[in-house]
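Here's a walk through a two-chain model, from the overall picture down to a few backbone oddities. Have the viewer open and follow along.

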Amino acid sequence: MMITYLIVLFAVTLVYFASAERLTTYVHLVGLQGLLLCGIALFELKEVDTANLAFIVSETLAFKTILIPYLLTRIIKRSGVSKVHRQAMPGFYLLLFSILALLISVLLASSLRNPFINTIYMTIAIYTLFTGMLLIVTHRLIISHLIGFLIVENSVFIFSLAVGSSMPMLINIGILLDIFVGVLILGFFGLRLKPHTNELTRLKD
Amino acid sequence: MSLLLFFITSAFMSISIIMFRNKTITRIITSGFALLHIWFTVHSWSNLNNTDMVYFTYNSSGVLLLSVLSLLIIPTVYHGFIYASGDDLKKYNIYHAGLVALVTFMSGAYLANGMTVLWIFVEATTLAVAALIYHDRTETALEATWKYVFICSTGIALAYLGILFLGFIYGRGDASSLSFRSLSGLIDRADPLYLKIAFVFVMIGFSTKMGLFPMHTVTIDAHSVAPPPVSALISTALMNVGFLAIFRVYTLFSFSPILPFMNSVLIIAGLLSLLVAAGYMLKAKHLKRMLAYSSLENMGLVAIAVGIGGEAWYAAFLLIVLHSLAKSSLFFQMGQLSRILGTFRLDDAGRYMKLYPAGALVLLAGVFCILAIPPSGLFITEFLVFKEMVYTDRWLVLIPSIILLCFVIYAMSTRIMHVIFSDPRSPEIILPQEKVNPAETISQFVFLGIVVLFCFYQPPFLVDLINETFALLPK
């Protein structure tokens, strides 16, 4: 029951992503999603041995809840950009698309019924994937693309949690992706890109 | 255990390059690694179809592409020494350590016998390539690296989703349960919708490595700024990694009801790749970008060949092998061209035959080979693909393919001829006159010679190996 609450709360953060305009709100939402995923992992992975569960939970806390939001905050401070609305689709339309994505997710999940995955998991995971993609496609700021990618990655994490009890190594591999994103993309490149760089257009035909 | 030895030695060598702060030692270690890789390839041939360390198998397709990588490694290392010779020690060492890591990761990906291990090695190649593309530390290098890492990461995440969908089919077990062998027994009982979703995710994800539409942009930008020896490797051996990953999933699902769906997806992706390649090559103004679009065109043809089936499967593998040799020669030559002309821009390039005849001959022969003009061995591959299209009445694929290839031939040949024989279009350009030893082109002539030889003679051992790669596919 608790897991259902957490998953629904996770879905609410996704709707909020569509309507938010401030980058700091995005960062708070990314951190909150990390915390919720940590809770979901804790309640969902009952069959996993304690050491592995401790590793998964601590990784989720360290990377998704602390390190990634911290790095994002640093990148935002360096770039000096606080709002996304000038270089993105207006929030109202994005919200409409987001709701449409939720409806499609419900339909898709109900047609993809499987004994190994709960339908509600499937719905929210697909919705998370759509939201991440929507953010990447409709926004023009690099930082928004990054956040979109982080949401896609959270979608992958939810999918892996769904089969995590019986296949814990799939979660461990998902964690590799976390480290990859947190350390390389955000830590190295995110901080190296010039502060005023919003678009990358030097390389073209 | 030999594989473990190879991995440990490679890791040790890569770390040693960073630790020892001496260019001569770096050169010795990197050369030693090239020899180690050749030994490992010979070992793989003698252990064909054996499993090593549970997660790796010396299967025919993996050994074939590992052999291609071994062929490429000596000229790549040699041209890398020349390219990086003027760099400071830190850059020099990072370049070579990255190269050793990339070749090791690619070798692991070729031999992986399960989805998860394959995915890990493909992910690891992104790290190594990022270090190599960023070599020059310029703004454009940062932009290209950023785009490469970002798009590859998205692709990797999507490919992982595909693997998770395979996990939903299986439901329970450890990493070894996602091996191709154990999955093959479950596929016929799996929900076709799940298989379709898994295939689409895996194909889009690994397309970032294969350079196939719609994820092709990532490799095009990477080629613009990557050092030429690195371009030679990522437009051949790394693209082969992406191809092999997709081909493995294709083989796995080929006995399920979704085979026609997979064929259609591959043919559509291939045709769109050809369309994009032809369109952009017609307006290409940067020589390395043009070669990158040529890789897109060839990978498009490979995807179409796999989708067509029959004799085209053989053609697909032969095309992969010969494309690797011809394209790497052209990219190696680009390194020399930039030293002589000081540019990759088409408007500023010209008179190459006069300035560097050996290099101009490589360009001339290379463009004939890559465009599949006889006596190029690639001609045989394209001929087989088109023949199979005629046999299977796929006129709607054949006609646009031929038209688009005509555009590619026109665009590429006119541009290369301009570089070789014409004066630069920008009159104020003063060409730098760095002397380049003609002996540097030897490896390029050898590769192009092999490509031509294949038009007349294909060694039986290689034919057998290629035939074995698709022996598991339905006839």
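Where in chain B is B:Arg351 found? This residue sits in the loop between α14 (311–341) and α15 (352–355) of chain B.

## Loops with unusual backbones

Keep in mind that this is a predicted model. B:Arg351 is worth a look since its phi is positive, about 55°, although the residue is not a glycine. As a bit of background, most residues other than glycine have a negative phi, and most peptide bonds are trans. B:Arg351 counts as partly exposed because it has 17 C-beta neighbours inside 10 Å. B:Met53 also has a positive phi, near 50°, and is a residue other than glycine. You'll find B:Met53 in the loop between β1 (51–52) and β2 (56–57) of chain B. With 14 other C-beta atoms within 10 Å, B:Met53 is partly exposed.

Then there are the cis peptide bonds. One runs from B:Phe213 to B:Pro214, with omega near 10°, and B:Pro214 is in the loop between α8 and α9 of chain B. Another runs from B:Pro374 to B:Pro375, again cis with omega near 10°. B:Pro375 belongs to the loop between α16 (357–370) and α17 (377–391) of chain B.

## How confident is the model?

For the model as a whole, the scores are ipTM 0.84 and pTM 0.91. Chain B has a mean pLDDT of 90, and 97% of its residues reach 70 or more. Chain A averages 80, with 82% of the residues at 70 at least.

Within chain A, the mean pLDDT depends on where you look. Among its elements, helix α2 (residues 23–44) of chain A has the highest value, 90, and helix α7 (residues 168–192) of chain A has the lowest, 69.

## Chain B overall

Chain B contains 20 helices and 2 strands. Its C-alpha trace spans about 70 × 55 × 40 Å along the principal axes. The radius of gyration is 21 Å, which agrees with the value near 23 Å for a compact globule of 475 residues. Of those 475 residues, 59% count as buried. Take the contacts in chain B with a separation of 6 or more: residues 24 or more positions apart account for 80% of them.

## Two domains, one contact

The domain assignment of chain B gives domain 1 (1–257) and domain 2 (272–475). Their centres, taken over C-alpha atoms, are separated by 22 Å. The contact takes 33 residues from domain 1 of chain B and 35 residues from domain 2 of chain B.

Which helices supply the domain 1 side of chain B? At least two residues each come from α3 (60–84), α9 (217–225), α10 (228–234) and α11 (237–253) of chain B. α3(B) gives the most, with 9 residues. The residues on this side of domain 1 of chain B divide into 19 nonpolar, 14 polar and no charged.

## Helices in the interior

α11(B) is largely enclosed by the rest of the structure, because 16 of its 17 residues are buried. Its end C-alpha atoms are 24 Å apart, which agrees with the 24 Å its 17 residues should span at 1.5 Å a residue.

Helix α12 (residues 259–282) of chain B has 24 residues and reaches 35 Å from its first C-alpha to its last, close to the 34 Å expected. Its buried residues include B:Met262, B:Leu266, B:Leu274 and B:Met281. What covers the buried residues of α12(B) includes α8 (192–210), α11, α13 (287–308) and α18 (395–421) of chain B.

B:Gly167 lies in helix α6 (residues 139–170) of chain B. Is it buried or exposed? B:Gly167 is buried, with 28 other C-beta atoms within 10 Å. The C-alpha atoms of B:Gly167 and B:Leu178 are 7.3 Å from each other, though these residues are 11 apart along the chain.

## Chain A and a link to chain B

Chain A has 7 helices and 0 strands. Buried residues make up 42% of its 205 residues. Of the contacts in chain A between residues at least 6 apart in sequence, 72% join residues at least 24 apart.

A:Leu184 is in helix α7 of chain A. With 16 C-beta neighbours inside 10 Å, A:Leu184 counts as partly exposed. Leaving aside neighbours within four places in sequence, A:Leu184 is in contact with B:Leu127 and B:Val149.

Methods. Residues are numbered from 1 along each chain as its sequence is written. Chains are lettered from A and ligands numbered from 1 in the order in which they are written. This is a predicted model: local features need pLDDT of at least 70, side-chain atom pairs count only at pLDDT 80 or more; totals for chains, interfaces and linings use all residues. Helices (H or I, at least four residues) and strands (E, at least two) are DSSP runs, numbered from the N terminus. The radius of gyration is taken over C-alpha atoms; the globule rule is 2.2 Å times the number of residues to the power 0.38. A residue is buried if 20 or more other C-beta atoms lie within 10 Å of its own, exposed if 12 or fewer, and partly exposed in between; C-beta atoms are placed from the backbone. Two residues are in contact if their C-beta atoms, placed from the backbone, lie within 7 Å. pLDDT is the predictor's confidence in each residue, from 0 to 100. Domain bounds come from an automatic or database domain assignment. Ala, Val, Leu, Ile, Met, Phe, Trp, Tyr, Cys and Pro count as nonpolar, Asp, Glu, Lys and Arg as charged, and the others, Gly among them, as polar. The expected span of a helix is 1.5 Å times one less than its number of residues.
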